Amino acid sequence: MIRSYLIVAFRNVLKSKVFSAINVLGLSIGLAACLLIFQFVSFEFSYDKFNEKFHRTYRITNDRFQNGKLIQHGTIMYPTIGPTMARDYAEIEEYTRLMPGGTMNVKINDRNFRGDLCHFADEHFFSVFSFKLLAGERSTMLKDPYAAVLTEKTARKYFELSNKDYSELIGKTFFWGLDTNPYTVKGICENIPSNSHIQFDALVSYATLIKYDKGADDSWTWSDMRHYLVLKPGTPYKQLENKFDDFSQRYFKGDKVTGSIEKFYLQPLADAHLYSDYEYDIATTANGKAVWAMLVVALFILVIAWINYVNLTTSRALDRAKEVGLRKVMGAVQWQLVKQFIFESLIITGLAFGLSLVLVVALQSTFNQIVGHELSLRSVLTSLSLNHVLILLLVLGVGTLLSGFYPAFVLSSYHPVTVLKGKFTRSVQGNFLRKALVMFQFTSSAALIIGTFIVSKQIEFMNNADLGMNIKNMIVIQSPELMPWDSTFVERVESYKYALTQVNGVISATTTGRLPGDRLARSFGVRLSDQSSDTQYTLTNMSVDHSFFDTYSVSLLAGRKFLPADHDPDFEKLNKVILNKNAIQLLGIQKAEDAVGREIIWGNNGTRKWTIVGVVANFHQEGLQKPMEPIFFRPIYSTSSPTSVKINTKDLQKTVAEIEATYKRFFPGNSFEYTFLEDRYRRQYNDDTRFGKVVGIFTVLAIIVSCLGLVGLSSYTAAQRTKEIGIRKVLGASLMNIITILSFDFIRLVLIAVVLSLPIAYFSMQNWLEEYAYRITPDWTLFILPIGIIILIAAVTISFQIIKTAMTNPAETVKYE
């Protein structure tokens, strides 16, 4: 019997090649889109799950309040927090602390290596986190000063290794920067998984920090460390978190210790990647809302594809009605017919699934480039738990069966006497359901296309916004870290900058402690000299030279810019500052002119005075996702300060070559590396741009699949109204009259769908836009234009079938009925 079902099913599939092809294509596109998005979503949700203590690991976060306002929301805090909590609370099994060390400049014999990311970590790090070791003792390799752990990739770059016996590298040494103490390799770990929120190329023992400054171990005011806790099994983390108010009061005594009210919280390691909006975060993060949105898009596309199958199958009701009638006359019962149609559904689904796998393989490389990850179905499926695999199979199985059962029951329910007499009529309920399904498809598609327009507009707005400074045609040269600081350094850098301006194509040059796009350090306890010592404000600070404001075209509002005389190699002699508009307003000064000549107090335990010599306009130091902060600028040169060079790009290659020669002449032994600042700044929008591309691509796929469904419904309607069309033409109806009559119902469905999509799209995108400090206000064009596009697409889709039906000879159509 099953063999008979299969033979008949294949015959029916081959008999209706066009409908079968549309069915298979629609389902395969939907399944392929779903599988691609599922790869991306699964990868994003897989972060840090390789850690054995994943479900018990938390990182400590910190909110700081000053003058009743939240001034910092971050993971950065004092070195004493983790160890003290572990000592005070029995619920904590172990802890580890981490401090970012930036990129390394490594020297081994006569070779230099630059750019490897390093963190300082204590001896508990590899007990808390389950990074796989290739050599070394997990519990002790980060215990001693100047101990280092390298990743496999970094180790192979630094040292020659003919085999995979990494134990040969234990005991090898290297030098970091200008440090005369050698660092000893105590361990080698596998390359860090891409789905780890902590990324590094090397770790250096936290004891190295303590050797240089004991405050790295016992300070309650040095705020530069990250802390992780592992709780004992069965400990509710919220229960422990509730005790932190007492902890804060016990050790910080309100704002007596740091000048701020300190609040501490626990964030599950499971949330570190997708649900982090923390400042100074070293984690690799993504937008959890965007990831969930992609999952919803995947489900929508899959549901749309299943709806298509229902509509396209039931649209063939007339073709299959007589077949059903004859089978029932010959003795077939309904459940046998249901099985027959279910077999056909499974064959179509099987063919579609096979084609979807081909599409996924064909599109995998392009998709990986868009999302920025090396994904594959195999890697995702092998990383899933059994429960997740079962859920995936259940969703696909239930969807397939439901989309197959409805057409099967519809087609098997026809009465043989009625259909064999040629009196087959339409079901009102069936028509309503088919129209409702098409409305759902186009509501989803319209909402997606509106969302795509708004996302695109926001990204365009951020890329083209006036930043308050000019970063175009600016290259950034890495700092001369291997050049020692001495009393001549300022003079040497001034000569270097002057030499750069003599290069043909160079307009100006400046050095800064941080570059546009970087997060600035915060300075706490700032106040005007005539304000009470109880009054304290928090500003961000930036080290710049006297050329900065001209090179970056930052507007001066009052006073003057820095002069060469404001610089001094002796940091203690510096006493001039420039503030931006936000900074003076925070200090209570409304007019820029009134700020010039005033003094602020900051540093040396609240005794050091700085004179305000100028006020500049606000500018976007970071991307438009974040608000512009109050900044004060200090005239400081440093060996770690990169150089920004404004250039004319007419003969870029020649200009860069001369800049490189100048750099090497002044800073021999330092490697020359440069980037374009505009590209570097726009990397802040990489996640947003990727999200926009992915949504846009899958919106197009959703529209294509929806249009296939509309083809099915238009075919069904045209077939049902064949006799009516013939009679109307006999009675004198023109071609345009017929087209209008047939089109009206479809256009009405699409119009209703787009109206329903408006509030869905509006509220969804408003929620998305709220994450941006500076954002567009969606106007009516961002809704009307997508609606026009979707209506036009729908009209074009149905026009072919409608025109074909309307042009049919009326004699043939009447005879057909």
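Contact here means heavy atoms within 4.5 Å. The model is predicted, and the tour has three stops.

**Stop 1: helix α9 and its surroundings**

Select residues 244-252, which form helix α9. Colour Phe244, Phe247, Ser248 and Phe252, which are buried. Viewed down the axis, these four residues cover an arc of only 95°, so they lie on the same side of α9. Now add α3 (81-88), α8 (237-241) and β11 (261-268): the buried residues of α9 pack against these elements.

Keep α3 and α9 and hide the rest. Their axes come within 12 Å and cross at roughly 115°, and the crossing is right-handed. To see the side chains involved, show Ile81, Thr84, Met85, Arg87 and Asp88 in α3, which meet Phe244, Phe247, Arg250, Tyr251 and Phe252 in α9. Before moving on, step to lysine 253, which follows α9 and has a positive phi, near 50°.

**Stop 2: a four-stranded sheet and two helices**

Select β12 (474-477), β13 (506-511) and β22 (674-676), and β21 (643-647). These four strands form an open sheet in the order β13-β21-β12-β22, with antiparallel pairing. Which strands stand at the edges? They are β13 and β22; each has a single partner strand, so one side of each is left without a neighbour in the sheet. On average, neighbouring strands of this sheet are turned by 25° against each other, direction ignored.

Zoom to β12 and β22, which run antiparallel and are joined by three bridges. For one of the pairs, pick isoleucine 477, whose bridge partner in β22 is tyrosine 674.

Next, show helix α17 (489-501), which lies across β12, β13 and β21 and runs at about 160° to β13. Then add helix α21 (652-666), which lies across β12, β13, β21 and β22. The direction of α21 is at about 145° to β21.

**Stop 3: threonine 538**

Select strand β15 (537-544) and centre on threonine 538 within that strand. Is this residue buried or exposed? Threonine 538 has a relative accessible area of 9% and is therefore buried, the cut-off for buried being under 20%.

Show the side chain of glutamine 66 as well: the side chain of threonine 538 makes a polar contact with it, at 2.8 Å. To complete the view, display the contacts of threonine 538, leaving aside neighbours within four places in sequence: Gln66, Ile71, Arg522, Ser523, Phe524, Leu586 and Pro630. Glutamine 66 thus appears both in this set and as the polar partner.

Methods
Residues numbered from 1 in each chain as written. Predicted model: local features only at pLDDT ≥ 70, side-chain atom pairs only at ≥ 80, totals over all residues. Heavy atoms only, no water. Pairing = 2+ DSSP bridges. Axes fitted to C-alpha atoms, helices over the stretch in contact; angles between N-to-C directions. Buried < 20%, exposed > 50% of the residue type's maximum accessible area, 1.4 Å probe, protein only. Arc of directions from axis to C-beta. Polar contact = N/O pair within 3.5 Å; in protein donor to acceptor, adjacent residues only side chain to side chain. Left-handed = near helix turned anticlockwise from the far one by under 90°.
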